[in-house]
Amino acid sequence: GQCTCEPGTWGRYCQHDCPGGKDNACYGHGQCDDGRDGKGTCTCEDDWWGSGCNKKCPVFKEDVCAGNGLCSDGAMGSGNC
């Protein structure tokens, strides 16, 4: 048989947790590539960055990058404006 992984876990035997843990995959700011064939990587929501989507882009006066630029977001982003 084959394993069917719970959400937030991945790997042939569902032996790995996604970044942030299986109950808080991608720290609540992204989608984890979970499941038996998943790789455990996160796809971040806008304005979140880092391999676990746990870093917020800079905010100034309630706007990301002060509303004057774009943030390098995503799992491979740098968080720079």
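Guide: Before we start, one term: a residue is buried at under 20% relative accessible area, exposed at over 50%, and partly exposed in between, using a 1.4 Å probe and protein chains only. What you see is a predicted model, where local features need pLDDT of at least 70, side-chain atom pairs count only at pLDDT 80 or more, and totals for chains, interfaces and linings use all residues. Residues are numbered from 1 along each chain as its sequence is written, and side-chain values use heavy atoms, with hydrogens and water left out.

Visitor: OK, how many helices and strands does the chain have?

Guide: Zero helices and eight strands. Those are DSSP runs numbered from the N terminus: H or I over at least four residues for a helix, E over at least two for a strand.

Visitor: And is it compact or spread out?

Guide: The radius of gyration is 15 Å, well over the 12 Å the globule rule gives for 81 residues, so the chain is more spread out than a compact globule. That radius is taken over C-alpha atoms, and the rule is 2.2 Å times the number of residues to the power 0.38. Along the principal axes, the C-alpha atoms fill a box of roughly 55 × 20 × 10 Å.

Visitor: How much of the chain is buried?

Guide: Of its 81 residues, 33% count as buried.

Visitor: Switching topic: how many disulfides are there?

Guide: Six, where a disulfide is a pair of cysteine sulfur atoms within 2.5 Å.

Visitor: What does the pair Cys 18 and Cys 32 tie together?

Guide: Their sulfur atoms sit 2.0 Å apart. Cys 18 lies in the loop between strand E2 (16-17) and strand E3 (30-32), and Cys 32 in strand E3, so the pair ties together parts that are 14 residues apart in sequence. The torsion about the S-S bond is about -85°, so this disulfide is left-handed.

Visitor: What about Cys 53, buried or exposed?

Guide: Buried, at 0% relative accessible area. Cys 53 forms a disulfide with Cys 44, sulfur atoms 2.1 Å apart, and Cys 44 is buried too, at 15%.

Visitor: And how far apart are the sulfur atoms of Cys 65 and Cys 81?

Guide: 2.1 Å, and the two form a disulfide. Cys 65 counts as buried at 9% relative accessibility, while Cys 81 counts as exposed at 58%.

Visitor: Why does Cys 3 have no bond to Cys 14?

Guide: The sulfur of Cys 3 is 4.8 Å from the closest cysteine sulfur, in Cys 14, and that is too far for a bond. Cys 3 is partly exposed, at 32%.
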